[in-house]
Amino acid sequence: MLQAVDEVVFFVKDIEEVKRWIKNLLKCAVVFESPEYCTLLVGATKIGLHPRDEKNSGNGRGQVAYWRVHDMEPVISKFQEAGCRLYRGPIRGIDGPMVCQLQDPFGNLWGLVDYHDLDPSGN
């Protein structure tokens, strides 16, 4: 069945602009590039950049991928310095970890999840 998140796709107005922004923020590599699609690698997960179209307007609403972090506050600060704004949270999720969502300058949502302060039993 499902194993792990392979790729998160953002539908964007300008692939080149968003690619430069993500590369600068995350210091990650481009692993595929064409005029119609671009893939960057962050850890073991790909970020795909696809042009907005009639089926996906890129409004940032809908599913949100949550990226695991060890210490949320410095990560939030780094995203904010790159032009993101807090969209939701940070809050303690009902299942225990700290979570938040940030909206990037292009309207995409980035979720962060931080389990580091939970004890091994998950409480």
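**Order of elements.** I read the chain from its N terminus and noted the pattern β-α-β-β-β-β-α-β-β-β. My tally of the secondary structure stands at two helices and eight strands. I record here that the model is predicted.

**Overall dimensions.** I looked up the extent of the C-alpha atoms and found that they fill a box of roughly 45 × 35 × 30 Å along the principal axes. I then compared the radius of gyration with the value for a compact globule: for 123 residues the rule gives near 14 Å, and the protein has 15 Å, which agrees. Of the 123 residues, 38% count as buried. For the surface, I noted that about 7,800 Å² is exposed, with carbon and sulfur atoms supplying 52% of it. I also checked the contacts between residues at least 6 apart in sequence; 50% of these join residues at least 24 apart.

**The four-stranded sheet.** I traced an open sheet of four strands, whose order is β5-β8-β7-β6 and whose pairing is mixed. I asked which strands stand at its edges. They are β5 (66–69) and β6 (85–92); each has a single partner strand, so one side of each lacks a neighbour in the sheet. From one strand to the next, the twist averages 20 degrees.

**The β6–β7 pair.** I examined how β6 meets strand β7 (residues 98–103) and found antiparallel pairing over five bridges. Within this region I located Ile91, which stands opposite Val99 in β7. As a reminder to myself, strands of a sheet pair through backbone hydrogen bonds, in either a parallel or an antiparallel sense.

**Helix α2 on the sheet.** I next followed helix α2 (residues 72–81), which lies across β5, β6, β7 and β8 (109–114). Its direction runs at about 5 degrees to β7.

I asked which residues of α2 are buried. I noted Met72, Ile76 and Phe79. Around the axis they cover an arc of only 65 degrees, which puts them on the same side of α2. I set beside this the general rule that an α-helix has 3.6 residues a turn, so residues three or four places apart point the same way.

I then asked what the buried residues of α2 pack against. Their partners are helix α1 (15–26) and the strands β5, β6, β7 and β8. Those four strands are the members of the open sheet traced above.

**After the helix.** My last entry concerns Gly83, just after α2, where the backbone takes a positive phi of about 105 degrees.

Notes
Residues are numbered from 1 along each chain as its sequence is written. This is a predicted model: local features need pLDDT of at least 70, side-chain atom pairs count only at pLDDT 80 or more; totals for chains, interfaces and linings use all residues. Side-chain values use heavy atoms; hydrogens and water are left out. Two strands pair if DSSP finds at least two bridges between them. Axes are lines fitted to C-alpha atoms, for helices over the stretch in contact, and angles run from 0 to 180 degrees between N-to-C directions. Contact means heavy atoms within 4.5 Å. Buried means under 20% relative accessible area, exposed over 50%, partly exposed in between (1.4 Å probe, protein chains only). The arc is that of the directions from the helix axis to the C-beta atoms. The radius of gyration is taken over C-alpha atoms; the globule rule is 2.2 Å times the number of residues to the power 0.38. Accessible areas come from the Shrake-Rupley method with a 1.4 Å probe; for residues, only the protein chains shown count as cover.
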